[in-house]
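Colleague: I've got a model open and I'd love a close look at one part of it. Could you walk me through the aromatic rings, and show me how they sit in the rest of the chain?

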Amino acid sequence: MLHPWHFYLMAVIYIITGTLHFVKPNTYVSIMPLYIPYKKVMVYVSGLAEILLGILLFTNLKNIALWGIIIMLLAFIPVHIYMLQDKKFEKVAPKWMLILRVPLQFALMFWAYWYINT
């Protein structure tokens, strides 16, 4: 079944962002909350998950991949809240941008949910 172009855009975005976890892992390690152990391993695992979920969007397992994306985005929310609370990240991005990242997660979840059973 063919999907609209924005469905494929979503798939490509997850594949690219997942790949960036392997290209620039220290960038992702630096934004992880202190309480998360094995940060570099977690960066690689989350990057692999993003790549696999993005690829699975092109298969018959699309609905499973979409639910996986929603769950993954929920799991990433603590990172965004951590970045919002820690003042050191205000040097990386303006406060308004850090604030917008939280509702953006929910928008991305809705985007994925939109395609379930289509």
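**A close look at the aromatic rings**

Modeller: Let's start from the outside: the chain has an accessible surface of about 7400 Å², and 77% of that belongs to carbon and sulfur atoms. Keep in mind that this is a predicted model.

Now the overall layout. The secondary structure comes to five helices and zero strands, so reading from the N terminus you get α-α-α-α-α. The radius of gyration is 15 Å, close to the 13 Å that the globule rule gives for 118 residues, so the chain is as compact as a globular protein of that length. Along the principal axes, the C-alpha atoms fill a box of roughly 45 × 30 × 20 Å. Of the 118 residues, 36% are buried. And if you take the contacts with a separation of 6 or more, 65% of them are between residues 24 or more positions apart.

On to the rings. Counting ring centres within 6.5 Å as a pair, you get seven aromatic pairs. One of them is Phe7 with Tyr8: the ring centres are 5.4 Å apart and the planes sit at 85°, so this pair is edge-to-face, because anything over 60 degrees gets that label. These two neighbours differ in how covered they are. Phe7 has a relative accessible area of 0%, so it is buried, whereas Tyr8, at 26%, counts as partly exposed.

Tyr8 has another partner, Phe58, and here the arrangement is stacked, with 5.8 Å centre to centre and 20° between the planes. Look at where the two come from: Tyr8 lies in helix α1 (residues 5-23), while Phe58 is in the loop between α3 (39-56) and α4, so the pair ties together parts that are 50 residues apart in sequence. Phe58 is partly exposed too, with a relative accessible area of 45%. Step back a little and you'll see that ring pairs link Phe7, Tyr8, Phe58 and Tyr115 into a cluster.

From the Phe58 loop, follow the chain into α4, which covers residues 62-85. At 1.5 Å a residue, its 24 residues should span 34 Å, and the end C-alpha atoms are 35 Å apart, which agrees. Still, α4 has a bend of about 30° at Phe76, and a proline, Pro78, follows within four residues.

While you're scrolling, look at the backbone in two other places. Most residues other than glycine have a negative phi. Tyr38 is not a glycine, yet its phi is positive, about 50°. You'll find Tyr38 in the loop between α2 (25-29) and α3, and at 66% relative accessibility it counts as exposed, because the cut-off is over 50%. Asn117 also has a positive phi, near 65°. Asn117 is in the segment after α5 (95-114), and with a relative accessibility of 66% it counts as exposed as well.

If you'd like one thing to click on when you go back to the model, pick Tyr8: its ring is edge-to-face with Phe7 and stacked with Phe58.

Methods:
Residues are numbered from 1 along each chain as its sequence is written. This is a predicted model: local features need pLDDT of at least 70, side-chain atom pairs count only at pLDDT 80 or more; totals for chains, interfaces and linings use all residues. Side-chain values use heavy atoms; hydrogens and water are left out. The expected span of a helix is 1.5 Å times one less than its number of residues. The bend at a residue is the angle between axes fitted to the seven residues ending there and the seven starting there. Rings of Phe, Tyr and Trp (its six-membered ring) pair if their centres lie within 6.5 Å; planes under 30 degrees apart count as stacked, over 60 as edge-to-face and the rest as tilted. Buried means under 20% relative accessible area, exposed over 50%, partly exposed in between (1.4 Å probe, protein chains only). The radius of gyration is taken over C-alpha atoms; the globule rule is 2.2 Å times the number of residues to the power 0.38. Contact means heavy atoms within 4.5 Å. Accessible areas come from the Shrake-Rupley method with a 1.4 Å probe; for residues, only the protein chains shown count as cover.
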